[in-house]
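Student: Hey, can you walk me through this one? I'd like to start with the ligand and then look at the pockets.

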Amino acid sequence: MTTQQKKEIPVPQVEKRQPIPKQNLRVPGPTPIPPEASEAQTAPMINHRGPEFSAMMKRITLRLQYFFQTEALVMTYPASGTGGQECAIVNVFSPGDHVVSITIGNFGNRMAKIAEAYGLQVTRLEYPWGEAAEPASVEKRLQEVAPYKGVLLTHNETSTGVTNDIETLARIIRKHNPDALIIVDAVSSLACVPLEMDAWDLDVVFTGSQKGWMVPPGLMMIAASPRAWEAYKTAKLPRFYFDWEMTRKSLQSKWQHPTTPPLSVLYALDVTLEMMLEEGRQAIFDRHQRAGEYVRNRAKALGLDLLADHQYASNTVTAIKVPEGIDLKVMLKKLREEEKTVFAGGQGQLDGKIFRIGHLGYFTEADLQSAVDNLEHVLHDLGYKG
Ligand SMILES: *Cc1c(COP(=O)(O)O)cnc(C)c1O
């Protein structure tokens, strides 16, 4: 045996740590968080197997059920929204199962890719980016591709700023396939726009902390209907970390999580759920609706074109076409550096063609007003005539 010569790993010469800037962060997640949530995160660590944790976890879980509008247990995992997509799929399907992915953008495509990575047979019903899944055509195409075991849907497609009519789509799916598993990515919609898991008969619904919940990234919340739990019993895809049963048992017997949960994010969520209840569910929906209308109207008044049609435009994120003659990279950089305002660019096929303004979670009307005012200044600085 030869001994490898020891290679010194030098101390890396890296940029000095800078304070995190204060910005008007208007991307569709992560969103700004209220001072109450920041404050909550500075609390000391507790034993996640102790009574203080259980009391908090019970409170959080029951309040999440209220916002999911479900009697089903809402399980909370340390993960981002993509973890929710994977968690939904691995718990209810088996290799070779045929699922239909109704995709209207980047996040719909991601869920379809995950299903394929796990060996499912995926039929994509694709709609042009910027449009919603049109119910009559979904109905027709679903019948053409039947039989199928489940349908993967996006409630609010964050990459295009479009909200699907999940209530109608779910009714159509149920009408032809009463046993279908209806999986809904509600990452950027839950807690911001109406979604009624039980009343709409949805089977798996998941969301992510950094979107509508006014807390940092790090938590994924997911609920499963009795039909989904039945499917779980025979589902054969490999799973461990995201296995529902392990989590259900911990929650229902002890209000704990089977692995170490991100305590600081939970502290924040404990506080923001309280704030959300104080504001009221309907008042939150109304605030998001006003935000959507405000941003869309201001953009139109500036002569800008919106990607999504009025009837399905999202109330959590607005996608705006980059006007002719404007270099998007330059515009976003100017906004960030000179106006401390941060918007998101486009993803996938919309890269360079649109930019997106997030208006979900924690914001005031003044935040949105200043964001659009700054956009207006920068556009005019760049020679935009409108
Ligand atoms: C943000 C988002 C996701 C997941 O993104 P992560 O970066 O993994 O949190 C998935 N679906 C939708 C609709 C989203 O908005």
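Tutor: Sure, we'll take the ligand site and then the pockets, keeping in mind that this is a predicted model.

Student: Okay, which residues come nearest to the ligand?

Tutor: Ser 80, Thr 82, Thr 158, Asp 185 and Lys 211 come nearest, out of 14 residues around the ligand.

Student: What does Asp 185 do with its polar side-chain atom, distance-wise?

Tutor: That atom sits 2.6 Å from a nitrogen atom of the ligand. Lys 211 also has a polar side-chain atom by the ligand, 2.7 Å from an oxygen atom.

Student: And which backbone N or O atom lies 2.8 Å from a ligand oxygen?

Tutor: One belonging to Gly 81. As for cover, the ligand has 380 Å² of accessible area on its own, and the protein covers 88% of that.

Student: Which helices supply at least two residues of the shell?

Tutor: Helix 3 (81–92) and helix 4 (106–117) each do. Helix 3 gives the largest share, with three residues.

Student: How does the shell split by class?

Tutor: Nine residues are polar, three are charged and two are nonpolar.

Student: Switching topic: what volume does the largest pocket have?

Tutor: About 560 Å³. There are 27 residues lining the largest pocket, and Thr 163, Asn 164, Gln 311, Tyr 312 and Ala 313 are the ones nearest its centre.

Student: Which helix supplies the largest share of that lining?

Tutor: Helix 10 does, with six residues. Helix 6 (166–176) and helix 10 (281–301) each put at least two residues into the lining of the largest pocket.

Student: Which domains does that lining draw on?

Tutor: Domain 1 (24–32 + 280–381) and domain 2 (39–276) each contribute at least three residues to the largest pocket. By class, its lining has 11 nonpolar, 10 polar and six charged residues.

Student: Now the second largest pocket. What's its volume, roughly?

Tutor: About 380 Å³. Its lining is made up of 18 residues, and nearest the centre are Gln 23, Leu 25, Thr 31, Pro 32 and Ile 33.

Student: How many of those lining residues are nonpolar, and how many polar or charged?

Tutor: The lining of the second largest pocket has 11 nonpolar residues, four polar and three charged.

Student: And where do they come from, domain-wise?

Tutor: Domain 1 and domain 2 each supply at least three residues to the lining of the second largest pocket.

How values were computed. Residues numbered from 1 in each chain as written. Predicted model: local features only at pLDDT ≥ 70, side-chain atom pairs only at ≥ 80, totals over all residues. Heavy atoms only, no water. Near = heavy atom within 4 Å. Polar contact = N/O pair within 3.5 Å; in protein donor to acceptor, adjacent residues only side chain to side chain. Areas by Shrake-Rupley, 256 points an atom, 1.4 Å probe, with all protein chains shown as cover. Helix = DSSP H or I, 4+ residues; strand = E, 2+ residues; numbered from the N terminus. Nonpolar A, V, L, I, M, F, W, Y, C, P; charged D, E, K, R; others polar. 1 Å grid on protein atoms, 1.4 Å probe; cavity = no way out; pocket = protein on both sides within 12 Å on 5 of 7 lines; lining within 4 Å. Points joined across faces, edges and corners; volume = space filled by probe spheres on them. Domains from an automatic or database assignment.
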